[in-house]
Amino acid sequence: DGIIIIDQGLRIAYINPEAQKIYNKLGHIGDLAGLPFSAALFTHKEAADRILKGEITSIEIEQNDNSYLIKFEGAVNHATNGLFMIIEDLSDIKNKEREIVYKDAAVREMHHRIKNNLQIIISILNLQIIRSQCEETKKALLDNVMRINSISIIHEALMTSDFNQDHSLKELLSNIIVGTQGDINL
């Protein structure tokens with residue numbers, strides 16, 4: 001983490017190397033030591049008074065795929081003790097959050113497509129059942145409809161967010177029985 005110490009006169013008294021690297025990434029060239037406190041706030045300079053009053057205890061800065069959280073310690077007592085700024089690099093966390101959101105959307109889309117495809121197959125088989133004249137063919141097609149519907153119900157159970165390893169087999173079988181009986185179209 002980066003550390004910046006602001007003295008009682010609201011000047012930057014110390015900046016550790018990590019904080020300097022962060023500020024360089026954010027576009028500040030040169031040493032921050034000796035500059036006014038507001039120089040460390042970049043686009044949040046107008047928040048300086050609120051920070052010193054303790055109304056704002058942290059700010060987040062995002063720029064060029066980099067995210068940083070700046071926490072302020074001792075703001076209310078800055079006139080006697082100075083102010084400490086702790087800069088935490090959130091870039092990896094933010095990137096991982098974006099990746100998780102993207103992957104979650106992809107999984108939801110795949111689930112939706114699988115569900116639709118299974119329903120299309122069931123509909124096609126049901127049309128074949130209606131058109132078929134042979135009772136043996138109707139029975140074979142109906143068996144396939146029930147199998148695919150069972151797959152669909154199991155897929156749905158596995159994809160729901162409330163599914164866990166304690167999911168009752170009895171409950172799942174009950175859903176399959178109820179779900180397959182609704183598709184009988186002889």
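Hi everyone. Let me start with some vocabulary: a residue is called buried when its relative accessible area is under 20%, exposed when that figure is over 50%, and partly exposed in between. Please keep in mind that we are looking at a predicted model.

With those words in hand, let's visit helix α1, which covers residues 17-25. On its outward side, the face turned away from the buried one, sit the exposed residues P17 and K21. Which residues of α1 are buried, then? They are A19, Q20, I22 and Y23. If you look down the axis of α1, those buried residues fall within an arc of 160°, so they line one face of the helix. And what covers them? Several strands contribute, including β1 (2-6), β2 (12-15), β4 (66-73) and β5 (83-89). So that you can find where to go next on your screen, G27 follows α1, and its phi is positive, near 105°.

Now for the charged side chains. How many salt bridges does a search of the whole structure find? It finds nine, and I'd like to show you some of them.

Let's begin with R50 and E55. They form a salt bridge in which the closest N and O atoms are 3.2 Å apart. R50 is partly exposed, because its relative accessible area of 44% lies between the 20% and 50% cut-offs.

Next, please turn to helix α4, residues 91-131. Here R113 and E109 meet through their side chains in a salt bridge, 2.7 Å from N to O. Where do these partners sit relative to each other along the helix? They are four residues apart, which means that about one helical turn separates them. R113 is exposed, at a relative accessible area of 53%, whereas E109 is partly exposed, at 36%.

My last stop is helix α5, residues 135-159. K139 and D143 both belong to this helix, and they too are spaced four residues apart, about one turn. Their side chains meet in a salt bridge of 3.3 Å, again from N to O. Is K139 buried or exposed? With 52% relative accessibility, K139 counts as exposed. Its partner D143, at 23%, counts as partly exposed.

To recap: helix α1 has its buried residues along one face, with P17 and K21 exposed on the face turned away. In α4, R113 pairs with E109, and in α5, K139 pairs with D143. Thanks for listening, and do try finding these residues yourselves!

Technical notes:
Residues numbered from 1 in each chain as written. Predicted model: local features only at pLDDT ≥ 70, side-chain atom pairs only at ≥ 80, totals over all residues. Heavy atoms only, no water. Salt bridge = Lys/Arg side-chain N within 4 Å of Asp/Glu carboxyl O. Buried < 20%, exposed > 50% of the residue type's maximum accessible area, 1.4 Å probe, protein only. Helix = DSSP H or I, 4+ residues; strand = E, 2+ residues; numbered from the N terminus. Arc of directions from axis to C-beta. Contact = heavy atoms within 4.5 Å.
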